[in-house]
Amino acid sequence: MPPQVGNEGGNLLSYAVVAAVAVAVLAGGIINLKPFHTVPEGHVGMYWRFGALLPTYSEPGLHMHWPLITSIAFIQVTMQTDTVRDIPCGTSGGVTIYFDKIEVVNLLNKSSAVKTVREYGPSYDKLWIFDKIHHQINQFCSKHSLREVYIEQFDTLDEALAEALQSACDAYSTGIRVISIRVTKPRISESLRANFEAVEANKAMLLSVQQEQLVLQKKEETSRMQERIRAEKAAEVAQIDAQRAANVSRIQESQKTAEEEARANRAAMVSRITQEMKTLEKLGEAERARVDLEMLINRTRTEAMLRLEVERNSSETFQMRLTPQFLQYTLITAFSQALSNNTKMIFGEKIPQTFVNFMKAATGEMEGFAGLGQLLATQQQQQQQQPSNTP
């Protein structure tokens, strides 16, 4: 029996058609399950897989997740405003009022987002913002009267709420930062509002009267102050005039004293200069006398030295002339002159000896000088003792 080729080809075609239909159905199912999602700007994507929160988050943009087993929540991590409405408030006096709206501007730290969502859920702000506002408003109203809540303490309410919320968030490390709180005026009944308006009108009237009284008081004070200022100005002017007169008198006295001191100094200077001139003159005279004395001493010394030099030269010259020939010549001349001047002749036994000595001296025998000298000395003594006899 031949093979049935046509039947096998039909089976393959039917299998291909079934596979294509299955793929198309699967693709359509996946597309219908929407496995892609987009995280908006200013948010982070939180994922729960089989009910458990994953420890990571996704940044803004297109992301993919597993359908059917993964759920997604977008948590805002930029500045946001939570509005709490219709908040009842019971004052310490038993009056109930309502705050129509309280706006809380807050910011969740991105690094604390996973921890905060895990502990308090995606609606963490209901616990920490909405419920806390109700609690803090009730706490505040229960401690204050209607007048304090509505008028006197109303301007501090926003700061008190912000401080209380931030303290509670920091105590549990929620990562929530309270930026600011805006509180609207509480809603009260018409009768209370009319009462407050009457009170405010009376207060305004009283304030106006007080302001008028204050204005009058200020005018009176201004008038007294002006009078005091004028009196003080007059006193200051008088004091300035007196001070100026005293200064002028003191300046004149100082000038007189300065002039007297200048004259005294001038006289003392003149006296000192005169004394110095006299002293200089005396010193000049003494210097001149000293110079004259030095000149006289120098001149006397010079003359003495000249005389000494002359005598030394004469002595040297005389020593040079003391030769035997000069002595013979001098002796002969002196003896001849003595004989010519002696008009008295004396004879005796020693006369020949005198001539003998003279001849010895004349001939160069030096021994004869001694006898000749004695002879001349004897003749001179005789001439002095006896008067001369003329021939």
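Modeller: Let's fix one term before we start: a residue is buried under 20% relative accessible area, exposed over 50%, and partly exposed in between (1.4 Å probe, protein chains only). This is a predicted model, where local features need pLDDT of at least 70, side-chain atom pairs count only at pLDDT 80 or more, and totals for chains, interfaces and linings use all residues. Residues are numbered from 1 along each chain as its sequence is written, and side-chain values use heavy atoms, with hydrogens and water left out.

Biologist: Fine. Why is E220 called partly exposed?

Modeller: E220 has 45% relative accessibility. That value falls between the two cut-offs, so E220 is partly exposed.

Biologist: And what makes E220 and R224 a salt bridge?

Modeller: The term needs a side-chain nitrogen of Lys or Arg within 4 Å of a carboxyl oxygen of Asp or Glu. The closest N and O atoms of E220 and R224 are 3.7 Å apart, so the pair qualifies. Both residues sit in helix α6, four residues apart, which means they are separated by about one helical turn. R224 is partly exposed too, at 43%.

Biologist: How do you know that α6 is a helix, and which residues does it cover?

Modeller: Helices (H or I, at least four residues) and strands (E, at least two) are DSSP runs, numbered from the N terminus. Helix α6 spans residues 190–321, so it passes the four-residue minimum. The protein chain has nine helices and eight strands.

Biologist: What makes R228 and E232 count as a salt bridge?

Modeller: Their closest N and O atoms are 4.0 Å apart, and the pair is listed among the 14 salt bridges of the structure. R228 and E232 also lie in helix α6, about one turn of the helix from each other. For R244 and D241, the N–O distance is 2.8 Å, so that pair meets the cut-off as well. They are three residues apart in helix α6. Elsewhere, shared partners join K101, E103 and R182 into one salt-bridge network.

Biologist: Why do such pairs form in general?

Modeller: Side chains of opposite charge can pair when their charged atoms come close.

Biologist: Now Q80. Why is it called buried?

Modeller: Q80 has 12% relative accessibility, and that is under the 20% limit, so Q80 is buried. Q80 is in strand β6 (residues 80–90). Leaving out residues up to four places away in sequence, Q80 touches V104, V105, N106 and Y124, where contact means heavy atoms within 4.5 Å.

Biologist: What about T70, buried or exposed?

Modeller: Buried: T70 has a relative accessible area of 11%, so the 20% limit is met. T70 belongs to strand β5 (residues 70–76), and its contacts beyond four places in sequence are Y47, W48, R49 and H65.

Biologist: Why is F50 called exposed?

Modeller: F50 comes out at 68%, and that is over 50%, so F50 is exposed. F50 lies in the loop between β2 (43–49) and β3 (52–58), and has a positive phi of about 55° although it is not a glycine.

Biologist: How do you know that D86 is not in the exposed class?

Modeller: D86 is at 48%, and exposed needs over 50%, so D86 is partly exposed. D86 is in strand β6 and has a positive phi of about 50°, again without being a glycine.
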